[in-house]
Each structure stands twice: as C-alpha cells, then as structure tokens.
Amino acid sequence: MLTSDLQKYRLGLFWFTNDLRLKDHPLLVRAAQQCQHLLFIFIRDTQQTRGNRFVSSRMSANRSLFQLQTLQSLNLDLKKLGQALFYAEGAPTAIVEQVINQLQPDAIYRSRQVASEEKRPWQQLQSQFPNSKFITATVQNIYQSDQLPVSADALPDTFSKFRKLVEKTAPNYGEVQIQAAPTSLPPPPKPTALSDHLALVAVDEWHINPPAQPGQSNKSAVEPLPAKAGEEAALNYMQGYFKTSAASHYKETRNALDGEFTSTGFSPWLANGTLSPNQVLAALGRYQRLHGRNESTYWIYFELLWREYFQLYALKHGDKLFQLRGITNKPVTGCLYGERLARWINGTTPYPLVNACMNQLRETGLLSNRGRQIVASCLIHELQLDWRAGAYYFEQQLVDYDVASNWGNWQYIAGVGADPRQGRHFNLEKQQQMFDPEGEYIAKWRGDVGDRGAFIDSVDAADWPTNQPVDTSGGTLQ
Ligand SMILES: Cc1cc2nc3c(=O)[nH]c(=O)nc-3n(C[C@H](O)[C@H](O)[C@H](O)COP(=O)(O)OP(=O)(O)OC[C@H]3O[C@@H](n4cnc5c(N)ncnc54)[C@H](O)[C@@H]3O)c2cc1C
C-alpha cells in the first residue's frame, strides 16, 4: 500500500456479505488503511428471502438463525476494535442509496460477488453514483484472477479440464499465505450522522434475540444449530478437525451419510465467510508438514477446487445458473407436480433412503454430499420434477447454502451443467446397499414410512386413485 493511500478517504462504507470475518480479509485491511471513519453494514435482501413459485420462502428458520448469530458474533469482534455492525432488511440498492445520499461516503467496499442477483445492486449503484469509489476484491476464493491460468469467461466446461490447468500453473496449495486481522479499525461516523432516517439498526441493539425472518419465527429453528456461529467457533472447529487424523482418511470416509469428521464439516462457515478457503488450506499445509501428505489430504484441496470451479462458473454463466436448460440449453422436461414435491420434501416417497436424507436436511439444515446427490437424483429422475424446485428447496434449508455450489451441483446432476456425462442418475437400491447396508441411517432418520410411501402419486392423470406400487429399483449409476 502506498503511503498516499493511507487515510485518504474521510468516510468509507464497508458492506459485508458472505465474508463475515476479520481474519484473512484483504479488502477489510485495505478499507481500514484508507479511511478515517468506517461504517460497517450488512443487508438482508428481502427480495431474495421471499418465496417464489417453487418455495414458500427462500430462507428457513435454521439458515436465518445461523446468519443472524454470525452477525452477532461479528459485531462482538468489531466491538473489540471500537467498531460496530449495522443491519438492514430490504432492497440493497435502495438501502445503500439512502446511506450514500445521507452520509456521502467517499468509498464503498464490498467483496466480489459471483451470482447475478448479488451483482446487480452493485452495478446499479455504480451507475447511479459515478463519482463515488466502488472498491471490490476477491476474498472468498483460493486464487486471485491473476493467479489462474484462465479467466472466468474462458472457464473450461468441465471441472477436470479446469483442475488440470490450475494444477499445472497455480501456486502450491500447501503454501498459501493468509492475512492477519487488522489490529485496529478507524472509528464509526459520529452517532448523530446515523440519523433515524436510515434503515440501519445497530446489531448491538438486538440484545439476546435477533429479529425473526419476516413472516416467520426463529423459534422454529432447531437448537443447537448444526454449527456454532462466528469466526472464533469456525477456527476452533477447524483446529479440532486437524488435531485428529481424519484428514489422512478423508478420501475413504467422505462419502459416508453421517458421522463426525467423515468429511470436514467446514461448509457452513465457508459459505458465509467466517472461514476462508485459504485458512483451510493453510491449516491443511501445516497438517501435511506434520503428518505427511497422502491422497486423502490432497483430496480436501481437490474438493475445495470444486468449490472454486463453481464460483467461476457462476461468474461466467450469470442468469443461466437458474434456468431450466442450464448452461447447455439442452431441452429438458420437468414438471411441478405438487404432491410429488411435497412427498420429497416431507420424506414420504417410496424410497426410504431418500426419506431419511430429506428428514435430516429439514431437521438439521445439513446433509452429506452423498445424501445431496441421492435426493437430487431422485427428484430429477424418479419423480421427474423440475430440478429448480429441488435447488430452491436446498437454498431454503441449507445452513451452508452457497449460491454457486448449490446451483452448480444441481445443474450437474440434472445434466444441464458441467457434467461431461450429461447428468447423474443414482440407483437408489444400490446406494442403500453401499452406504447404509444395515439400515442404521434410515432408522435414525425415520426413512421407512411403510404404506405411506407405497405410491409416487395418489391419483393418476385422470384423477383416478392409483393402486400400483412404483418400481423402486431406480436407474443406472452406482
Ligand atoms: C445438489 C447439491 C447441492 C449442494 N449445495 C451446496 C451448497 O449450497 N453449499 C455448499 O457449500 N456445498 C454444496 N454442495 C456441495 C457439498 O455437498 C457440500 O459442500 C459438502 O457436503 C459440505 O460438507 P463438508 O464441509 O463436510 O465437505 P467436505 O467433503 O469436507 O469438502 C470440503 C469443502 O469443499 C467444498 N466442496 C466439497 N464438495 C463440493 C462440491 N461438490 N461442490 C462445491 N464445493 C464442494 C465445500 O466448501 C466443503 O466444505 C452441494 C452438493 C450437491 C450434490
């Protein structure tokens, strides 16, 4: 940083999104150095949480509560540095516009967003306020764009091609550098500047109970949530993981449906940015230096590279991420048959393994990767529903919801995304034999619903009651 860059702005507006941490946050460090005062805000976009024709709401009580608890934790961390976090609900463009008009910040900071819905308000504000400085940086990826062999626009259409290119040229993942948290922050603007006319509420004023999701009560959230919120909790969990030998066996255990440390469990924090992928890689590098590198330790990087791929994929494909034909423009069918969707959601399909997974998802806000693949395949192939209904339901439920990973993976399984085999159809019976041979998982999550799950549909197309049990043997993939 040039000395002329130091404190060159009277006031900066720092807009947190899915980067809710202080450590390893280069954009935050930059804002702290460039501004004499900083205002920290977080906006919940109510357009994005409201329901649509696929789901009644795009954010469950579990996901909402995890986000709000994370904001409380971030506020406490900011307070230790003499700062505070402000919160608003509504349309981000309108809220930020109001703040800019009233407080006239010289610079607005926000980490780079990959999906079209998140990018739009930033672009609108830039054109509305051409004289303001809009400063952004990539803080949620492993690599900066200049470290990658290809730009997002030229991203290969399959993950394998991308991985091979990256592994040839990108810096060694075991030697990533992470940035310390700032030791001090510029103070907030004077409280009088934050007049009542602004839609901002100090997170401090929530006291114990964060606001409920509009039209919903946080009371319906399961407590304790599957992950403890906040940066300190994330780092403690990650250190706990690497204290065990789990990383050395990751590749053999990662497909399990359940169980502590079978996979890393980092996703809730990676998704809201309390943890950065590079913090994980730095910890993985330390682990490898102490205990040796093997295929399993490498595979943690491999999976994080999938995440990286989907972030770039979202950047490249924009609105196509959410379209029925995906990025392939391949004609696909898929209906919105309410009864089938309700059975899938409520775990009352003819497939006990699917039911168990859906119960776990609904009740905890999390599901293993294998479970996600199984239920997605069932929705698309056995139930023949529009894959976007499943993707929106996952968006609603998942505590680790990440727009790029979720929609990219759904497209992959639906055959309209980055899959060279053009879709995945899992054989449900074989999956059960392989991953739950004793039926323990199905019993734990009450997947066997007996007669209630005997039929896919209660009536046929002419509204006659059906009496034929479905073929439960599933499709082709093991
Ligand atoms: C239909 C479907 C929807 C999904 N939706 C999401 C989502 O909304 N948010 C999300 O974080 N992941 C999503 N995934 C990917 C994956 O299932 C989760 O990242 C993983 O289960 C999280 O558990 P973990 O942290 O223990 O993962 P681990 O197996 O320990 O992997 C380590 C990290 O690598 C990344 N990762 C692993 N697998 C994938 C993958 N297939 N795609 C992208 N990143 C991956 C995650 O950040 C994960 O935390 C989805 C997968 C499918 C099949």
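A107 lies in strand β4, which covers residues 107–110. The model described here is predicted. This briefing starts from A107, then moves to the paired strands β1, β2 and β3, the nonpolar core, and the packing of two helices.

**A107 and its surroundings**

- A107 counts as buried because 20 C-beta neighbours lie inside 10 Å, and the cut-off for a buried residue is 20 or more.
- Leaving aside residues up to four places away in sequence, A107 touches Y9, G12, Q34, C35, K133 and I135.
- One of these contacts, C35, is 72 residues from A107 along the chain, yet the C-alpha atoms of the two are separated by 8.4 Å.
- C35 belongs to strand β2, which spans residues 35–45, while Y9 and G12 fall within strand β1, residues 9–16.

**Strands β1, β2 and β3**

- Strand β2 is mostly covered, with nine of its eleven residues buried.
- On one side of the pairing, β1 and β2 run in the parallel sense and are joined over seven bridges.
- Within that pair, L13 stands opposite L39 of β2.
- Helix α1, residues 26–34, takes part in a right-handed β-α-β unit together with β1 and β2.
- Strand β2 also runs parallel to strand β3, residues 85–90, and six bridges join the two.
- Here F40 has L85 of β3 opposite.
- In a regular strand, side chains alternate between the two faces of the sheet.

**The nonpolar core**

- The largest nonpolar core holds 120 residues.
- The members that touch the most others in this core are F14, F40, I41, L85, V354, C357 and L379.
- Helix α11, residues 295–317, gives the most to the core, namely ten residues.
- F40 and L85, which are among the members with the most contacts in the core, also stand opposite each other in the pairing of β2 with β3.
- V354 is another of these members; not counting residues up to four places away in sequence, V354 touches T349, I374, V375, C378 and L428.

**Packing of α11 and α16**

- Helix α11 packs against helix α16, residues 403–414, at an angle of about 90°, and the axes are 8 Å apart.
- The two helices are therefore roughly perpendicular to each other, since angles of 65 to 115 degrees count as such.
- From α11, the contact is made by R307, F310, Q311, Y313 and A314.
- From α16, V403, A404, S405 and G408 take part.

How values were computed
Residues are numbered from 1 along each chain as its sequence is written. This is a predicted model: local features need pLDDT of at least 70, side-chain atom pairs count only at pLDDT 80 or more; totals for chains, interfaces and linings use all residues. A nonpolar core is a set of buried Ala, Val, Leu, Ile, Met, Phe, Trp, Tyr and Cys residues joined through C-beta atoms within 7 Å. A residue is buried if 20 or more other C-beta atoms lie within 10 Å of its own, exposed if 12 or fewer, and partly exposed in between; C-beta atoms are placed from the backbone. Helices (H or I, at least four residues) and strands (E, at least two) are DSSP runs, numbered from the N terminus. Two residues are in contact if their C-beta atoms, placed from the backbone, lie within 7 Å. Two strands pair if DSSP finds at least two bridges between them. A crossover is right-handed if, with the strands pointing away from the viewer, the path from the first strand over the helix to the second runs clockwise. Axes are lines fitted to C-alpha atoms, for helices over the stretch in contact, and angles run from 0 to 180 degrees between N-to-C directions. Angles under 35 degrees count as roughly parallel, over 145 as roughly antiparallel, 65 to 115 as roughly perpendicular and the rest as oblique.
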